Amino acid sequence: MSLVALSNPVSAQIDGALFDYFLVETVNTLRQSSAVATRRQKELEDEMAKANLLPQAPNQRIQVQDTEDEALKLRLEGIGAQVGASLVERLVKDRPRFTDTLDSVKFICKDVWTAVWEKQVDNLRTNHRGVYVLQDNSFRPLLRISSPNGASDAVTKARIYLAFHAGVLRGALSRLGLQGTVVPEVTNLPQCVFQIKLPKS
């Protein structure tokens with residue numbers, strides 16, 4: 001093996017559809033896992049309430065499905081944050097450090113978006129007070145989401161899948177030194193908006 005081959009390794013690539021299928025199966029697996037974890041936690045709380053170790057809270061039943069969906073979103077966002085942080089490490093290794101928050105967000109909109117979703121953000125808006133709105137009119141991961149129960153059910157499903165992508169953005173921002181929140185919003189498929197709130201610097 002020559003030194004040139006070692007210094008310029010060939011990057012492995014995979015088909016984008018494989019990533020979509022993988023995410024679908026990840027969501028299904030994590031949904032089942034979250035359901036088991038939520039059920040176990042509920043059983044433990046019930047046992048502790050029966051033993052008078054926890055106060056009983058009648059009529060404060062949280063719907064199990066909502067709890068399971070929130071647990072699923074948290075797990076997906078955590079996985080996405082790890083992916084986003086690792087991706088940004090690779091993308092910025094030969095770049096100078098960003099000195100401005102807006103430059104970092106523009107980097108996310110151009111380079112990170114292109115690396116992950118094969119296009120740039122369609123629209124970036126800011127109020128110059130730490131709030132950035134990234135709009136994608138044809139967000140690739142939402143192109144194939146549908147439901148036999150109608151458009152509103154498809155939008156509900158899309159919100160779960162967007163947790164992973166919000167995590168990717170949050171992880172990318174954190175690796176760039178920006179701690180904040182990323183809130184995905186979807187009303188019409190496949191359009192999507194990510195609202196990024198960063199503390200004022």
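Let me start with Phe-139, which, once its neighbours within four places in sequence are set aside, is in contact with Trp-113, Trp-117, Leu-162, His-165, Pro-190, Cys-192 and Phe-194. Please keep in mind throughout that this is a predicted model.

Phe-139 also belongs to the largest nonpolar core, which has 40 residues, and it is listed there among those with the most contacts inside the core, together with Leu-76, Ile-108, Trp-113, Leu-134, Leu-142 and Phe-194. The elements that give two or more residues to this core are helices H2 (16-50), H3 (64-91), H4 (101-117) and H5 (151-175), along with strands S2 (131-136) and S4 (192-197). Which of these elements gives the most? That is H5, with 13 residues.

Helix H5 deserves a moment of its own, since its 25 residues reach 36 Å from the first C-alpha to the last, close to the 36 Å expected at 1.5 Å a residue, and yet the helix bends by about 30° at Tyr-161. After H5 comes Gly-177, with a positive phi near 90°.

For the wider setting, the chain holds 5 helices and 4 strands, running α-α-α-α-β-β-α-β-β from the N terminus on. Of its 201 residues, 32% count as buried, and among contacts between residues at least 6 apart in sequence, 63% join residues at least 24 apart.

That brings me to the charged pairs, of which a search of the whole structure finds 9 that qualify as salt bridges. One of them joins Arg-170 and Glu-77, with the closest N and O atoms 2.8 Å apart, and this pair links distant parts of the chain, because Arg-170 lies in helix H5 and Glu-77 in helix H3, 93 residues away in sequence; Arg-170 itself is partly exposed, at 30% relative accessibility.

Within H3, by contrast, the side chains of Glu-70 and Lys-73 meet in a salt bridge at 3.9 Å, N to O, and, being 3 residues apart in that helix, they are separated by about one helical turn. Both ends are partly exposed, Glu-70 at 45% relative accessibility and Lys-73 at 24%.

A further salt bridge, at 3.0 Å, N to O, is made by the side chains of Glu-118 and Arg-140. Glu-118 sits in the loop between H4 and strand S1 (123-126), and Arg-140 in the loop between S2 and H5, so the pair ties together parts that are 22 residues apart in sequence. Here Glu-118 counts as exposed, at 55% relative accessibility, whereas Arg-140 is partly exposed, at 24%. Finally, salt bridges that share partners join Lys-119, Asp-122 and Asp-136 into one network.

Key: Residues numbered from 1 in each chain as written. Predicted model: local features only at pLDDT ≥ 70, side-chain atom pairs only at ≥ 80, totals over all residues. Heavy atoms only, no water. Core = buried A, V, L, I, M, F, W, Y, C linked by side-chain atoms within 4.5 Å. Buried < 20%, exposed > 50% of the residue type's maximum accessible area, 1.4 Å probe, protein only. Contact = heavy atoms within 4.5 Å. Expected span 1.5 Å × (residues − 1). Bend = angle between axes of the 7 residues up to and from the residue. Salt bridge = Lys/Arg side-chain N within 4 Å of Asp/Glu carboxyl O.
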